[in-house]
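Here is a short tour of the charged side-chain pairs in this structure. Have the sequence and the 3D view open as you read.

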Amino acid sequence: MKVLILIFLGILTLVQNQMMDFKFLNPLKDKKLVDESLFLYQTDNVPQQKCVIDCAASPKCGSVNHHDKTQTCILNREPNSNGEDVKDFLTNAEGWIFFQKTKTKDSPKIPEGDVINKNEEFYTERGKIIQEMDVLPLQWKLSFKFKPRVMGYEKISSLIHFQSKKISGGSKANIIAAGVSKNQHLYVKLITATNFTAFYTYSKEPLQPEQWIYVRINLYQLNNGKYYIFWAIDNQLQNDVEVPGWGTVYTDIQVLVTAKGSNVVSGKMKELKFQPSKGITYNSGLLQEIIPKWGKSWLIKVSFKVVKQPIEKWNCIFHFVKDGGYFNRLPTMYFKSDTNEVQFVLCQDPTNRNLCLNTFLPSFVLNTKYDFEIKHQLEGNGYYMSVYINGVLEKRDVTFTNPGVYENVEVYIGPWFWWDQHTNWSVEVSNLMFANIN
(Lines give C-alpha, C1' and ligand atoms only; values in the text may rest on other atoms or scores of the structure.)
Protein backbone atom coordinates (compact mmCIF):
# COMPACT_ATOMS: atom_id res chain seq x y z
CA MET A 1 0.00 0.00 0.00
CA LYS A 2 2.92 2.34 0.69
CA VAL A 3 4.16 1.84 -2.87
CA LEU A 4 0.66 2.49 -4.18
CA ILE A 5 0.45 5.79 -2.27
CA LEU A 6 3.83 6.89 -3.64
CA ILE A 7 2.70 6.08 -7.16
CA PHE A 8 -0.48 8.05 -6.69
CA LEU A 9 1.35 11.05 -5.24
CA GLY A 10 3.57 11.06 -8.31
CA ILE A 11 0.50 11.01 -10.53
CA LEU A 12 -1.23 13.69 -8.49
CA THR A 13 1.81 15.98 -8.68
CA LEU A 14 2.05 15.51 -12.43
CA VAL A 15 -1.63 16.26 -12.95
CA GLN A 16 -1.57 19.32 -10.69
CA ASN A 17 1.41 20.63 -12.65
CA GLN A 18 -0.90 20.67 -15.65
CA MET A 19 -2.78 23.55 -14.02
CA MET A 20 -6.20 21.87 -14.25
CA ASP A 21 -8.81 22.85 -11.65
CA PHE A 22 -9.81 19.38 -10.50
CA LYS A 23 -8.43 16.64 -8.30
CA PHE A 24 -8.40 12.85 -8.06
CA LEU A 25 -9.61 11.15 -4.89
CA ASN A 26 -7.41 8.59 -3.18
CA PRO A 27 -7.05 5.49 -5.39
CA LEU A 28 -8.83 2.28 -4.44
CA LYS A 29 -6.74 -0.85 -4.79
CA ASP A 30 -8.24 -4.09 -6.17
CA LYS A 31 -11.40 -2.23 -7.19
CA LYS A 32 -12.93 -1.73 -10.64
CA LEU A 33 -15.95 0.18 -11.90
CA VAL A 34 -18.20 -2.15 -13.88
CA ASP A 35 -21.01 -0.25 -15.59
CA GLU A 36 -21.41 -0.52 -19.37
CA SER A 37 -23.41 2.70 -19.51
CA LEU A 38 -20.38 4.63 -18.19
CA PHE A 39 -17.75 2.95 -20.40
CA LEU A 40 -15.86 5.54 -22.48
CA TYR A 41 -13.00 3.61 -24.11
CA GLN A 42 -10.19 1.16 -23.44
CA THR A 43 -6.54 1.17 -24.52
CA ASP A 44 -3.76 -1.32 -23.83
CA ASN A 45 -0.08 -0.96 -22.94
CA VAL A 46 -0.69 2.37 -21.19
CA PRO A 47 1.29 3.27 -18.04
CA GLN A 48 -0.68 4.31 -14.97
CA GLN A 49 0.40 7.96 -15.07
CA LYS A 50 -0.50 8.26 -18.75
CA CYS A 51 -3.91 6.67 -18.11
CA VAL A 52 -4.74 9.17 -15.36
CA ILE A 53 -3.49 12.09 -17.47
CA ASP A 54 -5.73 11.00 -20.36
CA CYS A 55 -8.69 11.16 -18.00
CA ALA A 56 -7.54 14.54 -16.73
CA ALA A 57 -7.43 15.89 -20.27
CA SER A 58 -10.86 14.56 -21.26
CA PRO A 59 -13.93 16.56 -20.16
CA LYS A 60 -16.04 13.42 -20.60
CA CYS A 61 -13.93 11.26 -18.26
CA GLY A 62 -15.01 10.86 -14.65
CA SER A 63 -12.94 7.91 -13.46
CA VAL A 64 -10.23 5.40 -14.40
CA ASN A 65 -9.75 1.65 -14.13
CA HIS A 66 -6.10 0.64 -14.53
CA HIS A 67 -4.48 -2.79 -14.33
CA ASP A 68 -0.81 -2.57 -13.41
CA LYS A 69 0.29 -5.94 -14.81
CA THR A 70 -1.49 -5.79 -18.18
CA GLN A 71 -1.23 -1.96 -18.40
CA THR A 72 -4.89 -1.86 -19.43
CA CYS A 73 -6.42 1.61 -19.21
CA ILE A 74 -10.21 2.07 -19.09
CA LEU A 75 -11.75 5.53 -19.00
CA ASN A 76 -15.30 5.89 -17.68
CA ARG A 77 -17.81 8.65 -18.28
CA GLU A 78 -19.16 10.86 -15.54
CA PRO A 79 -22.49 9.59 -14.20
CA ASN A 80 -25.68 11.51 -14.87
CA SER A 81 -26.38 14.27 -12.38
CA ASN A 82 -29.01 12.29 -10.50
CA GLY A 83 -27.11 11.91 -7.25
CA GLU A 84 -25.82 8.38 -7.88
CA ASP A 85 -22.37 7.50 -6.58
CA VAL A 86 -20.12 5.52 -8.93
CA LYS A 87 -18.63 3.76 -5.90
CA ASP A 88 -21.92 1.87 -5.66
CA PHE A 89 -20.92 0.14 -8.91
CA LEU A 90 -17.42 -0.91 -7.82
CA THR A 91 -16.54 -4.57 -7.72
CA ASN A 92 -13.61 -6.47 -6.24
CA ALA A 93 -11.02 -7.05 -8.96
CA GLU A 94 -7.49 -8.18 -8.15
CA GLY A 95 -4.75 -6.11 -9.77
CA TRP A 96 -7.03 -3.21 -10.71
CA ILE A 97 -6.82 0.32 -9.27
CA PHE A 98 -9.73 2.76 -9.41
CA PHE A 99 -9.24 6.55 -9.66
CA GLN A 100 -12.14 9.00 -9.43
CA LYS A 101 -11.92 12.57 -10.72
CA THR A 102 -13.73 15.48 -9.12
CA LYS A 103 -13.95 18.94 -10.67
CA THR A 104 -14.46 22.37 -9.16
CA LYS A 105 -17.22 24.72 -10.32
CA ASP A 106 -14.75 26.76 -12.35
CA SER A 107 -13.02 23.87 -14.07
CA PRO A 108 -11.76 25.01 -17.50
CA LYS A 109 -13.31 23.48 -20.58
CA ILE A 110 -11.31 21.90 -23.38
CA PRO A 111 -12.43 23.59 -26.62
CA GLU A 112 -14.26 21.76 -29.38
CA GLY A 113 -14.67 22.43 -33.10
CA ASP A 114 -12.93 25.31 -34.88
CA VAL A 115 -11.47 27.37 -32.06
CA ILE A 116 -10.00 29.73 -34.67
CA ASN A 117 -11.49 30.11 -38.13
CA LYS A 118 -10.20 33.35 -39.64
CA ASN A 119 -10.53 33.23 -43.43
CA GLU A 120 -9.97 36.89 -44.32
CA GLU A 121 -6.54 38.33 -45.15
CA PHE A 122 -4.79 40.32 -42.43
CA TYR A 123 -1.33 41.76 -41.81
CA THR A 124 0.86 39.91 -39.32
CA GLU A 125 2.80 42.88 -37.96
CA ARG A 126 -0.14 44.22 -35.98
CA GLY A 127 0.67 41.95 -33.03
CA LYS A 128 -2.66 41.52 -31.29
CA ILE A 129 -4.63 38.85 -29.43
CA ILE A 130 -6.99 37.13 -31.85
CA GLN A 131 -8.33 34.33 -29.61
CA GLU A 132 -8.49 33.16 -26.01
CA MET A 133 -9.31 29.68 -24.71
CA ASP A 134 -9.52 28.01 -21.30
CA VAL A 135 -7.38 24.99 -22.16
CA LEU A 136 -4.85 24.13 -24.85
CA PRO A 137 -5.69 20.61 -26.09
CA LEU A 138 -2.91 18.03 -26.11
CA GLN A 139 -3.67 17.02 -29.71
CA TRP A 140 -4.48 19.73 -32.24
CA LYS A 141 -4.41 20.92 -35.85
CA LEU A 142 -3.15 24.34 -36.95
CA SER A 143 -3.20 25.56 -40.54
CA PHE A 144 -2.78 28.88 -42.32
CA LYS A 145 -1.66 30.56 -45.52
CA PHE A 146 1.15 33.10 -45.33
CA LYS A 147 2.82 35.50 -47.77
CA PRO A 148 5.97 37.31 -46.53
CA ARG A 149 6.47 40.82 -47.92
CA VAL A 150 10.17 41.22 -47.14
CA MET A 151 12.89 38.86 -45.98
CA GLY A 152 16.35 39.18 -44.45
CA TYR A 153 15.64 39.27 -40.71
CA GLU A 154 18.62 39.16 -38.38
CA LYS A 155 17.01 36.93 -35.77
CA ILE A 156 14.04 34.63 -35.22
CA SER A 157 10.90 36.55 -36.12
CA SER A 158 7.50 35.88 -34.63
CA LEU A 159 4.51 35.04 -36.84
CA ILE A 160 1.93 33.47 -34.52
CA HIS A 161 2.11 32.04 -31.03
CA PHE A 162 0.01 30.57 -28.23
CA GLN A 163 0.89 31.66 -24.72
CA SER A 164 -0.33 30.88 -21.21
CA LYS A 165 -1.06 33.74 -18.83
CA LYS A 166 -0.14 31.40 -15.97
CA ILE A 167 3.49 31.10 -17.10
CA SER A 168 5.94 33.94 -16.67
CA GLY A 169 9.39 34.17 -18.18
CA GLY A 170 9.18 35.64 -21.65
CA SER A 171 9.51 33.04 -24.39
CA LYS A 172 8.68 30.20 -21.94
CA ALA A 173 5.08 31.37 -22.02
CA ASN A 174 4.95 30.84 -25.81
CA ILE A 175 3.86 27.20 -25.77
CA ILE A 176 3.29 27.00 -29.53
CA ALA A 177 4.97 29.39 -31.95
CA ALA A 178 5.64 29.69 -35.67
CA GLY A 179 7.73 32.22 -37.51
CA VAL A 180 10.74 32.79 -39.74
CA SER A 181 14.33 32.04 -38.74
CA LYS A 182 17.26 34.29 -39.56
CA ASN A 183 18.07 32.11 -42.58
CA GLN A 184 14.49 32.57 -43.86
CA HIS A 185 13.23 29.08 -43.03
CA LEU A 186 9.81 28.67 -41.47
CA TYR A 187 10.03 27.20 -37.97
CA VAL A 188 7.62 25.64 -35.51
CA LYS A 189 8.49 25.83 -31.80
CA LEU A 190 6.91 23.92 -28.92
CA ILE A 191 7.62 24.44 -25.22
CA THR A 192 7.52 21.10 -23.38
CA ALA A 193 6.95 20.53 -19.68
CA THR A 194 10.45 19.11 -19.18
CA ASN A 195 12.23 22.15 -17.72
CA PHE A 196 10.33 24.29 -20.27
CA THR A 197 12.56 22.95 -23.04
CA ALA A 198 12.10 24.49 -26.48
CA PHE A 199 11.61 22.04 -29.35
CA TYR A 200 12.23 23.39 -32.88
CA THR A 201 11.59 21.99 -36.33
CA TYR A 202 12.40 23.86 -39.56
CA SER A 203 11.19 23.87 -43.15
CA LYS A 204 13.36 22.12 -45.71
CA GLU A 205 13.61 25.16 -48.00
CA PRO A 206 13.76 28.91 -47.29
CA LEU A 207 10.68 31.04 -47.90
CA GLN A 208 10.38 33.31 -50.91
CA PRO A 209 8.94 36.84 -50.64
CA GLU A 210 5.56 37.64 -52.17
CA GLN A 211 4.62 33.96 -52.54
CA TRP A 212 1.71 32.38 -50.68
CA ILE A 213 2.45 29.13 -48.85
CA TYR A 214 -0.01 26.77 -47.17
CA VAL A 215 1.11 25.42 -43.78
CA ARG A 216 -0.58 22.48 -42.05
CA ILE A 217 0.62 21.30 -38.60
CA ASN A 218 -0.67 18.30 -36.62
CA LEU A 219 0.31 17.47 -33.03
CA TYR A 220 -0.87 13.92 -32.36
CA GLN A 221 -0.42 10.94 -30.05
CA LEU A 222 0.13 7.28 -30.93
CA ASN A 223 -0.73 4.15 -29.00
CA ASN A 224 2.81 4.08 -27.60
CA GLY A 225 1.87 7.13 -25.51
CA LYS A 226 4.31 9.45 -27.29
CA TYR A 227 3.43 12.70 -29.05
CA TYR A 228 4.57 13.64 -32.56
CA ILE A 229 4.46 16.61 -34.89
CA PHE A 230 3.53 16.12 -38.55
CA TRP A 231 3.69 19.22 -40.69
CA ALA A 232 3.70 20.15 -44.35
CA ILE A 233 4.09 23.19 -46.57
CA ASP A 234 2.05 23.13 -49.79
CA ASN A 235 1.33 19.46 -49.03
CA GLN A 236 5.06 18.62 -49.03
CA LEU A 237 6.14 16.86 -45.83
CA GLN A 238 8.58 18.91 -43.75
CA ASN A 239 8.91 16.66 -40.71
CA ASP A 240 7.22 13.83 -38.81
CA VAL A 241 9.06 13.46 -35.50
CA GLU A 242 8.52 12.80 -31.80
CA VAL A 243 8.19 15.78 -29.45
CA PRO A 244 9.82 14.58 -26.20
CA GLY A 245 8.21 15.95 -23.04
CA TRP A 246 4.91 17.05 -24.60
CA GLY A 247 1.84 16.10 -22.56
CA THR A 248 1.11 18.96 -20.16
CA VAL A 249 -2.34 20.55 -20.28
CA TYR A 250 -1.91 24.35 -20.23
CA THR A 251 -4.70 26.77 -19.29
CA ASP A 252 -5.55 30.48 -19.76
CA ILE A 253 -4.34 30.57 -23.37
CA GLN A 254 -4.00 33.64 -25.58
CA VAL A 255 -3.32 33.40 -29.31
CA LEU A 256 -1.35 36.29 -30.79
CA VAL A 257 -0.41 37.13 -34.35
CA THR A 258 3.18 38.19 -33.58
CA ALA A 259 4.14 39.77 -30.26
CA LYS A 260 4.21 43.44 -29.46
CA GLY A 261 7.71 44.85 -29.53
CA SER A 262 9.26 41.76 -31.13
CA ASN A 263 11.02 41.44 -34.45
CA VAL A 264 7.92 40.41 -36.36
CA VAL A 265 7.46 38.96 -39.79
CA SER A 266 5.99 41.43 -42.24
CA GLY A 267 3.39 39.83 -44.46
CA LYS A 268 -0.16 38.60 -44.79
CA MET A 269 -2.04 35.62 -43.41
CA LYS A 270 -5.39 34.08 -44.26
CA GLU A 271 -7.40 30.90 -43.73
CA LEU A 272 -6.06 30.60 -40.18
CA LYS A 273 -7.62 27.60 -38.41
CA PHE A 274 -7.00 25.83 -35.11
CA GLN A 275 -8.96 22.93 -33.65
CA PRO A 276 -8.45 20.05 -31.21
CA SER A 277 -7.97 16.59 -32.68
CA LYS A 278 -10.24 13.80 -31.51
CA GLY A 279 -11.85 10.65 -32.81
CA ILE A 280 -15.12 11.22 -34.64
CA THR A 281 -17.64 8.98 -36.35
CA TYR A 282 -19.45 10.02 -39.52
CA ASN A 283 -22.62 8.93 -41.28
CA SER A 284 -21.49 10.46 -44.58
CA GLY A 285 -18.26 11.63 -46.15
CA LEU A 286 -16.78 14.86 -44.77
CA LEU A 287 -14.49 16.78 -47.11
CA GLN A 288 -11.20 17.53 -45.35
CA GLU A 289 -9.21 19.22 -48.06
CA ILE A 290 -8.63 19.55 -51.80
CA ILE A 291 -4.98 18.79 -52.61
CA PRO A 292 -3.71 20.86 -55.58
CA LYS A 293 -1.17 18.15 -56.49
CA TRP A 294 -1.04 14.53 -55.30
CA GLY A 295 2.30 13.08 -56.38
CA LYS A 296 3.74 9.65 -57.02
CA SER A 297 5.31 9.34 -53.56
CA TRP A 298 3.17 10.09 -50.52
CA LEU A 299 2.56 9.35 -46.84
CA ILE A 300 -0.80 8.91 -45.09
CA LYS A 301 -1.31 8.44 -41.35
CA VAL A 302 -4.58 7.68 -39.61
CA SER A 303 -5.92 6.08 -36.41
CA PHE A 304 -9.20 4.22 -36.15
CA LYS A 305 -11.14 1.84 -33.96
CA VAL A 306 -14.35 -0.11 -34.43
CA VAL A 307 -16.62 1.08 -31.63
CA LYS A 308 -19.36 -1.48 -32.34
CA GLN A 309 -19.75 -4.35 -34.75
CA PRO A 310 -21.00 -2.79 -38.01
CA ILE A 311 -24.20 -4.00 -39.60
CA GLU A 312 -23.07 -2.98 -43.07
CA LYS A 313 -20.27 -4.80 -44.92
CA TRP A 314 -18.25 -1.80 -46.13
CA ASN A 315 -17.20 0.98 -43.76
CA CYS A 316 -15.05 3.62 -45.43
CA ILE A 317 -12.38 5.20 -43.19
CA PHE A 318 -10.91 7.68 -45.68
CA HIS A 319 -11.12 8.32 -49.40
CA PHE A 320 -8.77 10.19 -51.76
CA VAL A 321 -10.63 10.75 -55.03
CA LYS A 322 -10.14 12.56 -58.33
CA ASP A 323 -13.19 13.87 -60.23
CA GLY A 324 -15.52 11.57 -58.29
CA GLY A 325 -14.31 8.52 -60.20
CA TYR A 326 -14.89 5.07 -58.73
CA PHE A 327 -11.60 3.85 -60.17
CA ASN A 328 -9.72 6.95 -59.09
CA ARG A 329 -9.31 5.83 -55.50
CA LEU A 330 -5.91 7.22 -54.60
CA PRO A 331 -6.23 5.37 -52.18
CA THR A 332 -9.29 4.35 -50.16
CA MET A 333 -9.30 2.53 -46.81
CA TYR A 334 -12.23 0.33 -45.73
CA PHE A 335 -13.16 -1.82 -42.77
CA LYS A 336 -14.97 -5.02 -43.88
CA SER A 337 -17.32 -6.12 -41.13
CA ASP A 338 -17.96 -9.62 -42.53
CA THR A 339 -14.28 -10.61 -42.25
CA ASN A 340 -12.93 -7.99 -39.76
CA GLU A 341 -10.39 -6.99 -42.41
CA VAL A 342 -9.02 -3.64 -43.48
CA GLN A 343 -8.83 -3.14 -47.24
CA PHE A 344 -6.77 -0.60 -49.18
CA VAL A 345 -7.72 0.15 -52.78
CA LEU A 346 -5.23 2.05 -54.94
CA CYS A 347 -6.17 2.71 -58.57
CA GLN A 348 -4.10 3.94 -61.50
CA ASP A 349 -6.45 4.37 -64.47
CA PRO A 350 -10.02 5.72 -64.06
CA THR A 351 -11.15 3.79 -67.14
CA ASN A 352 -9.70 0.38 -66.23
CA ARG A 353 -10.79 -1.41 -63.07
CA ASN A 354 -8.04 -3.99 -63.60
CA LEU A 355 -5.48 -1.32 -62.73
CA CYS A 356 -6.53 -1.23 -59.09
CA LEU A 357 -4.45 -2.79 -56.31
CA ASN A 358 -6.33 -4.39 -53.41
CA THR A 359 -4.50 -5.04 -50.14
CA PHE A 360 -6.12 -6.83 -47.19
CA LEU A 361 -5.09 -6.87 -43.53
CA PRO A 362 -7.09 -9.22 -41.26
CA SER A 363 -8.05 -9.62 -37.60
CA PHE A 364 -9.04 -6.33 -36.00
CA VAL A 365 -10.52 -6.27 -32.50
CA LEU A 366 -13.56 -4.29 -31.34
CA ASN A 367 -12.91 -1.12 -29.27
CA THR A 368 -9.18 -1.17 -29.93
CA LYS A 369 -7.40 1.77 -31.50
CA TYR A 370 -4.96 1.10 -34.36
CA ASP A 371 -2.36 3.52 -35.72
CA PHE A 372 -1.81 3.19 -39.46
CA GLU A 373 0.98 4.53 -41.64
CA ILE A 374 0.70 4.02 -45.41
CA LYS A 375 3.75 4.99 -47.44
CA HIS A 376 3.97 4.91 -51.25
CA GLN A 377 7.40 5.52 -52.75
CA LEU A 378 9.89 4.53 -55.44
CA GLU A 379 12.14 1.59 -54.62
CA GLY A 380 14.46 0.36 -57.37
CA ASN A 381 12.56 0.21 -60.64
CA GLY A 382 9.06 0.32 -59.21
CA TYR A 383 6.77 1.82 -56.61
CA TYR A 384 5.79 0.05 -53.41
CA MET A 385 3.03 0.62 -50.87
CA SER A 386 4.08 -0.25 -47.31
CA VAL A 387 1.51 -0.47 -44.51
CA TYR A 388 2.56 -0.14 -40.86
CA ILE A 389 0.22 -0.89 -37.96
CA ASN A 390 1.27 0.43 -34.54
CA GLY A 391 4.76 0.95 -35.91
CA VAL A 392 5.21 -2.57 -37.32
CA LEU A 393 5.45 -3.28 -41.07
CA GLU A 394 2.52 -5.56 -41.88
CA LYS A 395 2.27 -5.43 -45.66
CA ARG A 396 4.44 -4.38 -48.59
CA ASP A 397 3.10 -4.58 -52.15
CA VAL A 398 4.48 -3.49 -55.49
CA THR A 399 2.05 -1.08 -57.13
CA PHE A 400 2.77 0.56 -60.49
CA THR A 401 5.86 1.16 -62.63
CA ASN A 402 4.87 4.74 -63.37
CA PRO A 403 1.97 5.97 -61.19
CA GLY A 404 0.10 9.10 -62.12
CA VAL A 405 0.30 12.60 -60.68
CA TYR A 406 -3.14 14.07 -59.98
CA GLU A 407 -4.44 17.59 -59.48
CA ASN A 408 -7.26 18.74 -57.21
CA VAL A 409 -7.61 15.48 -55.32
CA GLU A 410 -10.42 15.53 -52.74
CA VAL A 411 -9.82 13.99 -49.30
CA TYR A 412 -12.78 12.65 -47.34
CA ILE A 413 -13.16 11.07 -43.91
CA GLY A 414 -15.99 8.57 -43.58
CA PRO A 415 -18.19 7.02 -46.27
CA TRP A 416 -18.04 8.74 -49.62
CA PHE A 417 -19.90 6.58 -52.18
CA TRP A 418 -23.66 6.42 -51.79
CA TRP A 419 -23.63 2.74 -50.81
CA ASP A 420 -21.23 3.51 -47.94
CA GLN A 421 -23.41 6.17 -46.33
CA HIS A 422 -24.88 4.33 -43.36
CA THR A 423 -27.07 5.58 -40.53
CA ASN A 424 -25.42 3.11 -38.14
CA TRP A 425 -21.82 4.27 -38.43
CA SER A 426 -19.44 2.14 -36.36
CA VAL A 427 -15.85 3.26 -37.01
CA GLU A 428 -14.13 6.13 -35.15
CA VAL A 429 -11.47 7.97 -37.18
CA SER A 430 -8.81 10.32 -35.79
CA ASN A 431 -5.60 12.08 -36.83
CA LEU A 432 -5.86 11.75 -40.60
CA MET A 433 -2.62 13.29 -41.95
CA PHE A 434 -1.17 13.23 -45.44
CA ALA A 435 1.58 14.79 -47.56
CA ASN A 436 3.74 14.25 -50.60
CA ILE A 437 7.24 12.98 -49.83
CA ASN A 438 10.49 13.10 -51.78
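What follows is a report on salt bridges and on how accessible their partners are.

This is a predicted model, in which local features need pLDDT of at least 70, side-chain atom pairs count only at pLDDT 80 or more, and totals for chains, interfaces and linings use all residues. Residues are numbered from 1 along each chain as its sequence is written, and side-chain values use heavy atoms, with hydrogens and water left out.

Searching the whole structure turns up 11 salt bridges (a side-chain nitrogen of Lys or Arg within 4 Å of a carboxyl oxygen of Asp or Glu). Three of them are listed here, including their closest N and O atoms:

| Pair | Closest N–O distance |
|---|---|
| Glu 271 and Lys 145 | 3.5 Å |
| Lys 147 and Glu 210 | 4.0 Å |
| Asp 371 and Lys 369 | 4.0 Å |

Let's start with the pair Glu 271 and Lys 145. Glu 271 sits in strand E19 (residues 267-276) and Lys 145 in strand E10 (residues 140-148), so their bridge ties together parts 126 residues apart in sequence. Strands here are DSSP runs of at least two residues, numbered from the N terminus. Glu 271 is partly exposed at 29% relative accessibility, and Lys 145 is partly exposed at 25%; buried means under 20% relative accessible area, exposed over 50%, and partly exposed in between (1.4 Å probe, protein chains only).

Lys 147 also bridges to Glu 210, which is partly exposed at 46%.

Is Asp 371 buried or exposed? At 7% relative accessibility, Asp 371 is buried, while its partner Lys 369 is partly exposed at 22%. Elsewhere, shared partners join Asp 240, Lys 301, Glu 373 and Lys 375 into one salt-bridge network.

Notes
Helices (H or I, at least four residues) and strands (E, at least two) are DSSP runs, numbered from the N terminus.
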